[in-house]
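Let's take a walk through this protein, starting from a single residue and working outwards. Keep the 3D view open as you read.

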Amino acid sequence: MTSQERNFLRKRAHNLEPMVRVGKDGVTDSVIDSIKQYIDKNELMKVKLLQNSLEDATRELGTEIEKKSGAVYVGSVGKIMIFFKENRNNNKLGPITREFMEFKKSKRDKNV
């Protein structure tokens, strides 16, 4: 994913509230299950690391969650991590996936 694509998704996530919170137990199987359930329906989400969490919002943690959940780690701001997963149910694109594909296409067309 390019930096422009990451920036596009960060902007789309700006007004979202974190839907999953990671506490002192860290990234457990139940946290991963919650992420999977939410991201499958909503495409874009924020995960918040609480103050009592022993985890830090690092690239390594983002990659770990990415591998376990099937979502793409977009980036982090402070203790908030952003994840994206394309939604292609029954050959229909979800609204954010559609906007993201149009954004990628417009960038490709400009570079040609």
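**A walk that starts in a loop**

Let's begin at Asn87, which sits in the loop between S4 and strand S5 (88-89). Keep in mind as you look around that this is a predicted model. Is Asn87 buried or exposed? Its relative accessible area is 11%, and since anything under 20% counts as buried, Asn87 is buried. Leaving out residues up to four places away in sequence, Asn87 touches Asp40, Lys41, Glu43, Lys92, Leu93, Gly94 and Thr97.

One of those partners, Glu43, deserves a stop of its own. You'll find Glu43 in the loop between H2 and S2. Glu43 counts as buried because its relative accessible area is just 2%. Check its backbone too: phi of Glu43 is near 70°, which is a positive value in a residue other than glycine.

Step back from that loop into H2, which covers residues 29-42. Gln37 lies in this helix, and at 58% relative accessibility Gln37 counts as exposed, because the cut-off for that label is over 50%. If you want a ruler across the model, try Gln37 to Glu64: these two are 27 residues apart along the chain, and their C-alpha atoms are separated by 17 Å.

Now move on to helix H3, residues 59-69. Which residues of H3 are buried? They are Leu61, Gly62, Ile65 and Ser69. These four cover an arc of only 100° around the axis, so they end up on the same side of H3. Turn to the face pointing away from that buried side and you'll meet the exposed residues Glu60 and Lys67. As for what lies over the buried residues of H3, the cover includes H2, strand S2 (44-49), strand S3 (72-77) and strand S4 (80-84). Just after H3 comes Gly70, with a positive phi of about 85°.

Helix H1, residues 3-13, can be read in a similar way. Its buried residues are Glu5, Arg6, Phe8, Leu9 and Ala13. Looking down the axis of H1, you'd see them fall within an arc of 160°, so they line one face of the helix. The face turned away from the buried side of H1 carries Ser3 and Lys11, both exposed.

Time to zoom out. How many helices and strands does the protein have? There are four helices and six strands, and going along the sequence they follow the pattern α-β-α-β-α-β-β-β-β-α. Along its principal axes, the C-alpha trace spans about 50 × 30 × 25 Å. The radius of gyration is 14 Å, which agrees with a compact globule, because a globule of 112 residues would have a value near 13 Å.

What about the inside and the outside? Buried residues make up 36% of the 112 residues. Among contacts with a separation of 6 or more, 64% are between residues 24 or more positions apart. On the outside, the accessible surface comes to about 7,100 Å², and carbon and sulfur atoms account for 46% of that. Finally, the charges: the protein has 23 positive and 16 negative ones, and the mean positions of the two sets are 5 Å apart.

Note on methods: Residues are numbered from 1 along each chain as its sequence is written. This is a predicted model: local features need pLDDT of at least 70, side-chain atom pairs count only at pLDDT 80 or more; totals for chains, interfaces and linings use all residues. Side-chain values use heavy atoms; hydrogens and water are left out. Helices (H or I, at least four residues) and strands (E, at least two) are DSSP runs, numbered from the N terminus. Buried means under 20% relative accessible area, exposed over 50%, partly exposed in between (1.4 Å probe, protein chains only). The arc is that of the directions from the helix axis to the C-beta atoms. Contact means heavy atoms within 4.5 Å. The radius of gyration is taken over C-alpha atoms; the globule rule is 2.2 Å times the number of residues to the power 0.38. Accessible areas come from the Shrake-Rupley method with a 1.4 Å probe; for residues, only the protein chains shown count as cover. Lys and Arg count as positive and Asp and Glu as negative; His and the chain ends are not counted. The place of a charge is taken as NZ of Lys, CZ of Arg, CG of Asp or CD of Glu.
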